[in-house]
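Work through the following exercises with the sequence and the model side by side, and try each task before reading its solution.

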Amino acid sequence: MEKYMIKGGTPLTGEVEISGAKNAALGIVAAAIMTDETVTIENLPDVRDINVLIDTIAEIGATVERVNRHCVRINGSTIHSVHVDNEQVKKIRGSYYLLGALLGKFNKAEVTLPGGCNIGSRPIDQHDKGFTMLGASVKIEYGMIVAEAERLSGAHIFFDVVTVGATINVMLAASLAEGNTIIENAAKEPHIVDVANMLNSMGANIKGAGTDVIRIKGVSKLHGTEYSVIPDQIEAGTFMFAAAATRGNILVKNVIPKHLEALTAKLYEVGCSVEEYDDAVRVIGNPIQKSSQVKTLPYPGFPTDMQPQITVVFSLAKGTSTVTESIFENRFKYVDELTKMGAKIRVEGNIAVIEGVDGLTGANVNALDLRAGAALVVAGLCAEGYTTIDDIHYIQRGYENFDQKLRSIGAQIEIVDSEKEEQKFKFQVI
Ligand code: EPZ
């Protein structure tokens, strides 16, 4: 099994280019099949979850032309099935966007229950509620979500919780429904705005994305477009926090600094310097960083997808910090792995109390999910000695060329697949 092997202790310095946003691209690839015309998507991240979704739309008949690693041309006129089920797609969460896309286009969709990271109970009741209010019947049968409507009609939908997935899914389906849809208590993440912009460029009529009320006037059909995905704010944030944790100096390029404000604010609080440019941010770590508090919240609050990474930063700060997780109830499982590296963390319910330590030490740890895995990599880069991280397939779901990008800013990290390769790595690194 492939693992990352890391020799830590080197401050990361240099420049790194951020890829397209995975969680926006998932919605955008699904949206692309809603027209019979050709859609070209650029700045796609070359990561596992996106590649699985693209292979899956090809499997149901969409014509897919890979222009290059980051650009794909999709034509949905050749789709011959609304039944989405394969071993790979079962493992990703973004598969559920095919429900909204196929239901909008064909009034029927059968999609395997979504997988994704095991970070707590991840219900889909709000997706169900949204589709039902648009006039569909939704049931779960043999592990599949089956949604069907004679016709979809606009509706006034008030979400009970702020949910990214259900907001995007209802936007997709409602774009081709008859009449007007209003989504209240909508999620406001940058990827919601990106998917809405993409749908609008296909002829949809969506207003208010990025606020908590989204208004959609249904149109009878969508047309082809060329669209470029926004940069991934979580990948960017991971490199920003890696600069802080390793006391490095990284220019993180191809970002939208506005999307990173919650992260920038915390970096200032702990004592880092942050310089903002038009499409880049530089983070300079401080030898002595201060403790702080954070609570995860829907955008524009501090993102849950950055919670494990800030825990690593706090682990190396002076004093006691707290991290409150308010989105997913089971997102602290990685704490046991961090404590193997010498971190001092106590979890009480949904709060982690982190007592800063002077340093971490290398250990053999497991990536338990995507962001937890990335946080362990950051911890390994700070730790004295060697760290090996198993189950890196989780990390590869959402970080393009993570090890390569890290090496380009001075990290000593390799993918190793055998004891021999581990020995070789130890021999090569200084
Ligand atoms: C998306 O998950 C992201 N995944 C997650 O990123 C991210 O952590 C999350 O949004 C929050 O930002 C994708 O975009 C593929 P939600 P999603 O619906 O859509 C509750 C990563 O690391 N809820 O916004 O599944 C839910 O339990 C991943 O890239 C319901 O109760 O999240 C949670 O408490 C991990 N009923 C809250 O809402 C529902 O029907 C937010 O979930 C739906 C959600």
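**Exercise 1. Decide how far helix α5 is enclosed by the rest of the structure, and check its length.**

Solution. In this predicted model, we begin by counting: 11 of the 12 residues of α5 are buried, so the helix is largely enclosed by the rest of the structure. Next we name the buried residues, which are G165, A166, T167, I168, N169, V170, M171, L172, A173, A174 and S175. For the length, we take 1.5 Å a residue, and because the expected span is 1.5 Å times one less than the number of residues, the 12 residues of α5 (residues 164-175) should span 16 Å, which agrees with the 17 Å between its end C-alpha atoms. Finally, we look at the start of the helix, where a side-chain oxygen of T163 comes to within 3.4 Å of the backbone nitrogen of G165.

**Exercise 2. Describe the largest nonpolar core and find the helix that gives the largest share of it.**

Solution. The largest nonpolar core holds 75 residues, and those with the most contacts inside it are I33, I41, L44, L98, M171, L172 and L199. Its largest share, eight residues, comes from helix α1 (residues 22-32). Turning to that helix, we find that 10 of the 11 residues of α1 are buried, so α1 is largely enclosed by the rest of the structure; among them are L26, I28 and V29. As for I33, leaving aside residues up to four places away in sequence, its contacts include I57, I74, L98 and K105.

**Exercise 3. Work out which residues contact the ligand through polar atoms, and how much of the ligand the protein buries.**

Solution. We start with the surroundings: 26 residues surround the ligand, and the closest are Y96, Q126, V164, D305 and I327. Among the polar contacts, an N or O atom in the side chain of Y96 is 2.6 Å from a ligand oxygen, while for the side chain of K22 the corresponding distance is 3.0 Å. V164 takes part through a backbone N or O atom, which lies 2.7 Å from an oxygen atom of the ligand. Taken alone, the ligand exposes 820 Å², and the protein buries 90% of that.

**Exercise 4. Is R397 buried or exposed, and where is it found?**

Solution. We first place R397 in the loop between α12 (393-396) and α13 (402-407). Its relative accessible area is 9%, and because buried means under 20%, R397 is buried. Not counting residues up to four places away in sequence, R397 touches several others, including K22, D49, R93 and C117.

Methods:
Residues numbered from 1 in each chain as written. Predicted model: local features only at pLDDT ≥ 70, side-chain atom pairs only at ≥ 80, totals over all residues. Heavy atoms only, no water. Core = buried A, V, L, I, M, F, W, Y, C linked by side-chain atoms within 4.5 Å. Buried < 20%, exposed > 50% of the residue type's maximum accessible area, 1.4 Å probe, protein only. Helix = DSSP H or I, 4+ residues; strand = E, 2+ residues; numbered from the N terminus. Contact = heavy atoms within 4.5 Å. Polar contact = N/O pair within 3.5 Å; in protein donor to acceptor, adjacent residues only side chain to side chain. Near = heavy atom within 4 Å. Areas by Shrake-Rupley, 256 points an atom, 1.4 Å probe, with all protein chains shown as cover.
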